[in-house]
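Hi everyone, thanks for coming. Let's have a look at this one together, and shout if I go too fast.

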Amino acid sequence: MTPEDWKAKLSLTRDSFLSALIKTDSAGIAEFETKYLGRKGELTLLLRDLKDFPIEDRKALGALGNALKTELSAALDARKTETGAGAVNLEKSKFDLTLAGYPFPRGGLHPLTIVADKMYDGFQKLGFSIAEGPLIEEDYFNFEALNFASDHPARDMQDTFYVDLKDSRGKDLLLRTHTSPVQIRTLKNQEPPVRVVSAGRVFRSEAVDASHSFAFHQMEGFYVDKNVSMADLKWTLEAFMKDLFGSSAKISFSPSFFPFVEPGAQVAVSCVFCKGSGAACPVCKGTGWIELLGAGVIHPNVIKACGYDPEKWSGFAFGAGIERFAMLLYGISDMRMLYENDLRILKQL
Ligand code: DAH
């Protein structure tokens, strides 16, 4: 076959296709499509013949053939629309499109997210805004600027995971052991007065048991302004706890040590299970109190490290374990329940 013959055949195919198409109704359209465009259709076979031509002819003829295929496919589609072929006839269809679908499982927020959000809500009502900090942290922010000297035994309270990379001061990067570095990062960027809360994951090289994990969650809060005192801290935490646990909740402070506060305190809330009556309660062990967070008045060295004059500025800070709040709010006795992602438990929370 010469190229001229092939072109003539192509032209004939076009004519017969178009003249037959207008006579085809919706019932015959599928058969029509197979006749011309199917695997063994007229146009398909004609295009296949191209392989016997030398390459330069094949290119030119191929372009013509493909253009025709596009034209005819469009004409066929138009005819389908015109005759109503291919459209679903809703009246005759066997499917009832108004039926409800199959139910599918709907996800929900993780209990720790729900609790962190609740805590955020409580502090936002008291005028705090939200900040975030990185999980991979520098020794400077996690320890040094928080008044942990490099050889201070207080570092032993927080067994740390190190990352095999150096920070800008030549020290090993680490996974933050608490959310307190957010105090430093925020205050270096934002002049007081500052009221901030920050929730997130923290890491310690610890064995896992019912109340410990190598990764857990904390919420840090701090307020720096002029003349901030322990009284402001007490009022703020009491208002927060009453909002979260109900108006009968009471708080108690006992002295404690954290290098970045002075004075430092452990803060406990009256037991939400036995309402502080102390009667043989398994949660508070009969003491009537549950320890919930560490807190204190920010140490002058920390204020100084952030670039402010501790004679002029003061503040309070607190750090709370979010798991502990979740365990109290949901009545969970083993924190591992919060990490196992067992749907039978998560669905109840
Ligand atoms: N960062 C402390 C810890 O993880 C908790 C803490 C205690 C935070 C006292 C504070 C604070 O801001 O004032 O053990």
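Let me start with a puzzle for you: is glycine 307 buried or exposed? Before you answer, keep in mind that this is a predicted model. Okay, the relative accessible area of glycine 307 is 60%, and anything over 50% counts as exposed, so glycine 307 is exposed.

Where do you find glycine 307 along the chain? Go to the loop that runs between helix H9 (300-305) and strand E10 (314-321). Now look across to glutamate 191: along the chain, glycine 307 and glutamate 191 are 116 residues apart, and yet their C-alpha atoms are separated by 9.6 Å.

Next stop, lysine 40. You'll see lysine 40 in the loop between helix H2 (29-37) and helix H3 (42-48). Lysine 40 counts as exposed because its relative accessibility is 64%. Lysine 40 also has company: together with Arg39, Arg48 and Lys51, it makes up a patch of positive charge on the surface.

Okay, let's zoom out to the whole chain. In terms of secondary structure, we've got 11 helices and 10 strands. Out of the 349 residues, 41% are buried.

And what about the overall dimensions? Measure along the principal axes, and the C-alpha atoms fill a box of roughly 100 × 55 × 40 Å. The radius of gyration is 37 Å, whereas a compact globule of 349 residues would come out near 20 Å.

That's my tour, so over to you for questions.

Terms used: Residues are numbered from 1 along each chain as its sequence is written. This is a predicted model: local features need pLDDT of at least 70, side-chain atom pairs count only at pLDDT 80 or more; totals for chains, interfaces and linings use all residues. Side-chain values use heavy atoms; hydrogens and water are left out. Patches are made of residues with over 30% relative accessible area and no salt bridge: like charges are joined within 9 Å, nonpolar side chains (Val, Leu, Ile, Met, Phe, Trp, Tyr) within 5 Å. Accessible areas come from the Shrake-Rupley method with a 1.4 Å probe; for residues, only the protein chains shown count as cover. A salt bridge is a side-chain nitrogen of Lys or Arg within 4 Å of a carboxyl oxygen of Asp or Glu. Lys and Arg count as positive and Asp and Glu as negative; His and the chain ends are not counted. The place of a charge is taken as NZ of Lys, CZ of Arg, CG of Asp or CD of Glu. Helices (H or I, at least four residues) and strands (E, at least two) are DSSP runs, numbered from the N terminus. Buried means under 20% relative accessible area, exposed over 50%, partly exposed in between (1.4 Å probe, protein chains only). The radius of gyration is taken over C-alpha atoms; the globule rule is 2.2 Å times the number of residues to the power 0.38.
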